[in-house]
Amino acid sequence: MTADRLPVEVSGGRAPLLEVSGLVLRYDTEVGEVSAVENVSFSLGRAEAMGLVGESGCGKTSVALSLLRLAPDNARYRSGSILWEGVDLLGLSDQQMRLYRWAEISMVFQGAMNAWNPVYRVGEQIREAMYQHFDPPLSKPETNQRLDDLFRLVGLDPAVQNRYPHELSGGMRQRAVIAMALSCEPKLIIADEPTTALDVIVQAQILEELKEIQEDLGLSILYISHDMAVIAQVTDTIGVMYAGKLVEFGPTREVFRRPRHPYSFLLLSSIPSVTGPRRRPVSLEGTPPNLLAPPAGCRFHPRCPWATEQCRNDEPPMMQIGPSQWAACWNAEQVPEMGDQLP
Amino acid sequence: MIRYLTRRLVQMVLLFLVFLTVTWFLLYILPGDSVALKYAGNPNIPPEAREVALERLGLDKPVLIQFRDYMFNFFQGDLGVSFNQYPRPVVDIIGERLPRTLVLFLTALVTYYWAGFVAGKFLAWRRGNRGEMAVTIGGVGLYSMFLPFFAFMLIWFFSVQLGWLPISKFLDPEQWRDAPFAANEVFMRLFWVTLLTAIAMFMASLAAHRTRGRMLERILRWGGGALVIAAFLFYWFGTEAGQGMRIYAGDIAFHMILPVLTLTLINFAGVMLLTRSSMLETLREDFILTARAKGLPEGMIRDRHAARTALLPVATSLVLAVATVIDGGVITEAVFSWPGMGEILISSVLSEDIPLAVGAFAFIGVLALIGHFVVDVLYGLLDPRIRVTEHG
């Protein structure tokens, strides 16, 4: 069971829409090669919501941008593949890739403020995407009709499309971004920190609506977030990333109930629980490693309270733990129990 | 919008009054007896004749009365008569010189802003290729060149060594000996035809910018441009009015090549570097990433998203450049013996031809104010964030 052909089973046996395997992405910098994404594999089925969580700089956004091939110019794909319905996106020409963008995979960017060009009306910016991707092209009334419908779908007055981005509130802007992401009928939406910049109430509303839209339209969504609470609310499966590696993968429920990697365990323990048993939140000591020179063995070992000699020397592969849960830890079987020994 | 425009107009008028007052008094307190020195051209004229002259020019009255009379006459369109070219009215002289300056400097301004913007756009877009280094170094080298020196070098090379272009002046007297037109008539025609052509060009590219189809955009951009140029050529070659004037207009245009070239070479690098840095900044914005994610073609990302947004600071710098159109030509006009406003400014101040000097300054002030106003409105059109709303 190598990391190369991972959790097809997780998506319930359905043929996956997206299959990332053994993705290695490094950034060329003046001081050396930054190992941003290291041997990451996962798959995502139709109408499925998956979450990628991890600290800032753990590579989750790099993974997301790779799906659209939008990583910065100094990114180098060392190995691996990104199969979209069987086609390797990394092997396409720029021209071919352009046709996949937005029409198949679209994205809700973090910080909706900056996702809009300040000099064009909101509707115009959505129209230009629709103009590129519908074949045969939509007629003018069809386009207008579709725009109105999209705005209603995300809970906005269709009149908003004639406004400029700076005339909208944060929540409206984010809703319009979602409308834009839906405009070309994509099969997958990548939501990169879709609600971080918003206040908690708007955040909850938007997540709720996004989930409804996803279920109604049968979309797949890949949520990227550092916020476990957000991920728990809206995803079916979850991948936990640490220092460029996927360290745990499984159904969201399972991972939350019984995390199998010490990192996920500690992340979850750091959230104070209102309804569960009373306990002190645990803080995760230390800082993520320098990816110019990642530590030998398990990348998490310098911060892991249970690290053994083996962890310091050998890199743990992804291992199947439960029926559909995977973790890259030598002591995965004992993780939750060991947690009870924490002070 | 209407309220904003009215307020701006009132502000402009007030500012102009202040400007005119200050200018008038500054020139009034210039030392020297302009009448004795210049009008009669002779310090030994009899006192009686001198009295008569002073009275005729109104210089015997108290200063405040003179000022009151001047202002009163000014707003009736009477700027007085020139001391040096007595009794030629100042309005007449300026009316002759202004088109010459405008034609030359507007042409240069449009040329070097256009060249600078396009060059800067491509420099930022294709960052890091070998051409970039050469263009940047070359541009900065030219930018730091001392204008008179550079102008003389070009004159030496193109006019003296190669003999391709005229050395100076704005027309060739030989050719104009029996001309049926006054030079100014030709200048005015040249000014309007060129202005209309430029506006039509701008409209065509604006229309192209607004369309979404790539084919349609190309047709509009190139077809529209070709149509405008065809109309321009048709005017000079096809119509009776144009044909008659063509040789003379051509002669003037021929004399303009060298000064426009000089101004363009020296100034375009400033615009280019500004555009480049503005564009590089824009390219780092998230909305560029969004545009890419939307699968837009690269040319569209470059022109519609990056360059269009990067245009804003460039438009601001245009405000400052508008002033140079009118007065910054002093040195250039001197080097090329171009008889425009710059030449009036120098000669009238040096010879204490006060009415002409005040008149020239007044016109420069009016043009600078109008230029700023136009660019302000233009800027509002370019950037919706600062567009004036009804309650603004």
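**Figure 1. Tyr223(A) and the residues around it.** In this predicted model, Tyr223(A) touches a whole crowd of residues that lie beyond four places away in sequence. From one stretch of chain A come Ala49(A), Met50(A), Gly51(A) and Leu52(A). Also in touch with Tyr223(A) are Ala191(A), Pro194(A), Leu207(A), Leu210(A) and Lys211(A). Ile231(A), Val234(A) and Thr235(A) round off the list.

**Figure 2. The largest nonpolar core.** Step back from Tyr223(A) and you find that this residue is part of the largest nonpolar core, which has 107 residues. Tyr223(A) is also among those with the most contacts inside the core, along with Leu18(A), Phe42(A), Leu188(A) and Ile190(A). Which helix gives the core its largest share? That would be helix H6 of chain A, residues 170-182, with seven residues. Both domain 1 (8-104 + 186-339) and domain 2 (112-185) of chain A chip in, with at least three residues from each. There's a second, separate core as well, made of 85 residues, and Leu98(B), Phe105(B), Ala183(B) and Leu263(B) are included in it. As a bit of background, nonpolar side chains in soluble globular proteins tend to be buried together.

**Figure 3. The two domains of chain A.** Here's how chain A is split up: residues 8-104 and 186-339 go to domain 1, and residues 112-185 go to domain 2. Taken over C-alpha atoms, the centres of these two domains of chain A are 29 Å apart. Where they meet, domain 1 of chain A puts in 18 residues and domain 2 of chain A puts in 16 residues.

**Figure 4. Two loop residues of chain A with positive phi.** Start with Glu193(A), which sits in the loop between strand S7 (188-192) and helix H7 (200-217) of chain A. Its phi is near 45°, a positive value in a residue other than glycine. Is Glu193(A) buried or exposed? Glu193(A) has a relative accessible area of 8%, so it counts as buried, the cut-off being under 20%. Now look at Ala243(A), in the loop between strand S9 (237-242) and strand S10 (245-251) of chain A. Ala243(A) has a phi near 50°, again a positive value in a residue other than glycine. With a relative accessible area of 5%, Ala243(A) is buried.

**Figure 5. The largest cavity.** The structure holds three cavities of 30 Å³ or more, and this view picks out the largest, with a volume of about 80 Å³. It is lined by 13 residues, and the closest to its centre are Pro262(A), Cys298(A), Cys304(A), Cys311(A) and Cys329(A). What sort of residues make up this lining? Ten are nonpolar and three are polar, with no charged residues in the lining of the largest cavity. Rolling a probe the size of a water molecule over the atoms is what shows where empty space is left.

**Figure 6. The second largest pocket.** This pocket has a volume of about 990 Å³. Its lining takes in 25 residues, and those nearest the centre are Ala71(A), Pro72(A) and Asp73(A) together with Arg292(B) and Glu298(B). Several elements each supply at least two residues of the lining: from chain A, strand S4 (75-84) and helix H2 (94-100), and from chain B, helix H5 (90-125), helix H10 (240-283) and helix H11 (286-293). Which of them gives the most? H11(B) does, with four residues. Sorted by class, the lining of this pocket has 13 nonpolar, eleven charged and one polar residue.

**Figure 7. Chain B and its domains.** Chain B has 15 helices and zero strands. Its C-alpha atoms fill a box of roughly 85 × 60 × 45 Å along the principal axes. Of the 392 residues in chain B, 44% are buried. Look at contacts in chain B between residues at least 6 apart in sequence, and 76% of them join residues at least 24 apart. The chain is divided into domain 1 (2-73) and domain 2 (90-386), and the centres of these domains of chain B are 35 Å apart, taken over C-alpha atoms. Domain 1 of chain B brings 17 residues to the contact, and domain 2 of chain B brings 17 residues too.

**Figure 8. Pro173(B) in its loop.** Pro173(B) is found in the loop between helix H7 (147-161) and helix H8 (183-210) of chain B. Its relative accessibility is 56%, so Pro173(B) counts as exposed, the cut-off being over 50%. Between Pro173(B) and Ala198(B) there are 29 Å in space, C-alpha to C-alpha, and the two are 25 residues apart in sequence.

Technical notes:
Residues numbered from 1 in each chain as written. Chains lettered and ligands numbered in written order. Predicted model: local features only at pLDDT ≥ 70, side-chain atom pairs only at ≥ 80, totals over all residues. Heavy atoms only, no water. Core = buried A, V, L, I, M, F, W, Y, C linked by side-chain atoms within 4.5 Å. Buried < 20%, exposed > 50% of the residue type's maximum accessible area, 1.4 Å probe, protein only. Domains from an automatic or database assignment. Contact = heavy atoms within 4.5 Å. 1 Å grid on protein atoms, 1.4 Å probe; cavity = no way out; pocket = protein on both sides within 12 Å on 5 of 7 lines; lining within 4 Å. Points joined across faces, edges and corners; volume = space filled by probe spheres on them. Nonpolar A, V, L, I, M, F, W, Y, C, P; charged D, E, K, R; others polar.
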